[in-house]
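Let's work through a few exercises together. Have your viewer open, try each task on your own, and then compare your steps with the solution.

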Amino acid sequence: MSFPAQPSTPNPLADPHRLREHTGFPGQVQYSDDLSKLLDILPAPIRERLEQHPHLDRLVEVVMDLGRRPEARFLGFADYLSEEVITRADLDQVISRVGEFSGDNRAGIASTLHRISAIRNRQGTIIGLTCRVGRCVIGVISMIRDLVEQGRSMLLLGRPGVGKTTALREIARVLADELGKRVVIIDTSNEIAGDGDVPHPGIGRARRMQVASPELQHKVMIEAVENHMPEVVVIDEIGTELEALASRTIAERGVQLVATAHGNRIDNLIKNPTLSDLVGGIQSVTLGDEEARRRGSQKSVLERKAPPTFEIAVEMLERSRWVIHEDVAATVDRLLRNREPLTQTRSLDEHGQVVIERPALAGPQWPPAGAARERGGWRRSGRMEALPKDSVSLTRSEPLEGCSRQRGEPSLLLDKREDAVPPTPAGSHPAVQVVAESGAAEEEEDLDWEGSALAPAERQWDPDEPLMIYPYGVSRFHLEQVIQTLKLPAEVTKDLDGADIVLALRSQVRSRSKIQQLAHSRQIPIHTVKANTLIALARALRHILNIESEDGSDSDLELFIRASSGDETEALEEARLAVEQIVIPKSQPVELLPRSPLIRKLQHQLVEHYHLRAQSFGEEPNRRLRIYPN
């Protein structure tokens, strides 16, 4: 049960004498009066030089290494503080003025957020110190304040020094003081709430649990939930598998988690076997033939194993520029399918106002500049953007009266099945469908092109975007090669919902009706080709986009032959390496990657040269070679 905030309680952060403007965070203030306590532990010459430095308010850390000159590091630059090198006496003086160093070689100054980290030699003697300034920045989470108030678990990612711990501390204060929640902080290195038994006022009314050694952090996390009934648990630096499992246990008990983790981007966590469970984990699964064909992928793929522990992820690229993943599960799924995640970028302008940007994938201009609107679409140099708007299915029928066509243009056929819905008046939503054929039968046989089956006419692609093609039973590699070589305004997609058309192998559509049902329910046209070859796909795409060759012939044939030669070389090299490195020396069979019939024939000839046996198996376009030892 939440308890109300108590405004009567004095807040040390409300003292205007202890707050000053901070240049690192636009439009925000920082609690920085404790800087004098850090300067007091330094040797006198270093302290005096720092006190006179014009950029003291931008100080990040002071580095003292034995036998080297002391160095002060600021935001964007560094300065030496003395011509004299650091001696053993200088280090001992600083060590005597700070707390005891813990197992992670960190110490602090009581009631401050400053952190002193040690570098030791082989014998365990301290030979270097990093004195890092700790600041409590008020308002640093203004960019994600709305997400914090939603009560969902949040993970902060970013490089060292970008401000993860500062943001974590401010989130804890806001949740405890302004939202009145019971917040418990797991402070392993005393970096969130400072050193000493009394926590720093920067965490507000949140409670702090210290950890005896870093190896015990996961146990203290569970202890906090079991003993102190928190509504929110705040954790800094999740870095082990046990801590990741403890985080999942806490989240499954209905407690909100706010934490940071080792990693710069969410991609890093997916590839990190230790921490991947924070975003759901990944596992290898084997797809069925139909699902693999629908996705256009191999049968063995990586998928998310479980719901993510954290529902929101924040990638802190800079101090005032963060990338937000509002749905971590959807982000991981899209990344595993090699698709761009849906994100938003939040930043602060010079006035401290939050600016939200949602990046969009850029594509070729479509239709081209200067295109003229004609019946059925935009036309420029013989290129059509879409079929007629009033077209709306899939069956053979007689031509619609009054609809004439020229050679090479699609004809409109009205569905005459008994269960077909009659055409509706103009201006209403037609419920019938239209099929486009590609001319005379003898011409169609020559083109290896059947035509298309269109879903209801309400589904049309955006004229400002490239045509999105979903391949079904068609080689994705060949399709992308055709688009790239001919520079067509089209892209290949793995998402059926985001496709404008489906390009399918005719035999696959006739033998299975699932793709027809899926396309019809989504109002997506289905275009079919007879053969899964470069030339057939090129002619199909030309027909769909109504693009004619410059000289009326296959002017791109030689170009495709040159483009495919690299694929043949790669396939033959794959077969040679498989034979020489696996089949012959290890006497193990090997499966090669799916290839076209022509390339498989070349691979067969290569295998026969080694006096081995090979066999093709599988269905197009996933038909491939399996090489057997003698």
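Below are five exercises, each with a worked solution.

This is a predicted model, in which local features need pLDDT of at least 70, side-chain atom pairs count only at pLDDT 80 or more, and totals for chains, interfaces and linings use all residues. Residues are numbered from 1 along each chain as its sequence is written, and side-chain values use heavy atoms, with hydrogens and water left out.

**Exercise 1. The chain as a whole**

Task: Find how many helices and strands the chain has, and what share of its residues is buried.

Solution:
- Step 1. The chain has 17 helices and 33 strands. Helices (H or I, at least four residues) and strands (E, at least two) are DSSP runs, numbered from the N terminus.
- Step 2. Of the 630 residues, 47% are buried. Buried means under 20% relative accessible area, exposed over 50% and partly exposed in between, with a 1.4 Å probe and protein chains only.
- Step 3. About 31,100 Å² of the chain is exposed, and carbon and sulfur atoms supply 49% of that area. Accessible areas come from the Shrake-Rupley method with a 1.4 Å probe; for residues, only the protein chains shown count as cover.

**Exercise 2. The largest nonpolar core**

Task: Work out which residues touch the most other members of the largest nonpolar core, and which element gives the most to this core.

Solution:
- Step 1. Recall that a nonpolar core is a set of buried Ala, Val, Leu, Ile, Met, Phe, Trp, Tyr and Cys residues joined through side-chain atoms within 4.5 Å.
- Step 2. The largest such core holds 33 residues, and Ile-186, Val-233, Ile-235 and Ile-250 touch the most other members.
- Step 3. Among the elements giving two or more residues to this core are strand 11 (183–187), helix 6 (217–228), strand 13 (232–238) and helix 7 (241–252). Helix 6 gives the most, with five residues.
- Step 4. Look at Ile-250: leaving out residues up to four places away in sequence, Ile-250 touches Met-221, Ile-222, Val-225, Val-233, Val-255 and Leu-257. Contact here means heavy atoms within 4.5 Å.
- Step 5. Another core, of 32 residues, lies apart from this one and includes Leu-147, Val-183, Ile-185 and Val-232.

**Exercise 3. Two helix pairs**

Task: Describe how helix 6 packs on helix 7, then do the same for helix 12 and helix 15.

Solution:
- Step 1. Two packed helices are described by the angle between their axes and the distance between the axes. Axes are lines fitted to C-alpha atoms, for helices over the stretch in contact, and angles run from 0 to 180 degrees between N-to-C directions.
- Step 2. The axes of helix 6 and helix 7 come within 8 Å and cross at roughly 10°, so helix 6 is roughly parallel to helix 7. Angles under 35 degrees count as roughly parallel, over 145 as roughly antiparallel, 65 to 115 as roughly perpendicular and the rest as oblique.
- Step 3. Helix 6 passes helix 7 in a left-handed crossing. A crossing is left-handed if the near helix is turned anticlockwise from the far one by less than a right angle, and right-handed if clockwise.
- Step 4. In this pair, Gln-217, His-218, Met-221, Ile-222 and Val-225 of helix 6 meet residues of helix 7 that include Leu-242, Ala-246 and Ile-250.
- Step 5. Helix 12 (residues 476–486) and helix 15 (residues 534–545) pack at about 60°, with axes 9 Å apart, which makes helix 12 oblique to helix 15.
- Step 6. The crossing of helix 12 and helix 15 is right-handed. Residues making the contact include Leu-479, Val-482 and Ile-483 of helix 12 and Leu-537, Ala-538 and Leu-541 of helix 15.

**Exercise 4. Positive phi outside glycine**

Task: Locate Ser-111 and Asn-190, and decide whether each is buried, partly exposed or exposed.

Solution:
- Step 1. Ser-111 sits in the loop between strand 6 (106–108) and strand 7 (115–120), and its phi is near 65°. Its 34% relative accessibility makes Ser-111 partly exposed.
- Step 2. Asn-190 lies in the loop between strand 11 and strand 12, with a positive phi of about 60°. Asn-190 is buried, because its relative accessible area is 13%.

**Exercise 5. A buried glycine**

Task: Find which residues Gly-281 contacts beyond its neighbours within four places in sequence.

Solution:
- Step 1. Gly-281 is in the loop between helix 8 and strand 15 (282–286), and counts as buried at 5% relative accessibility.
- Step 2. Its contacts are Ser-276, Glu-303, Arg-304 and Lys-305.
- Step 3. Gly-281 and Arg-304 are 23 residues apart in sequence, yet 5.7 Å apart in space, C-alpha to C-alpha.
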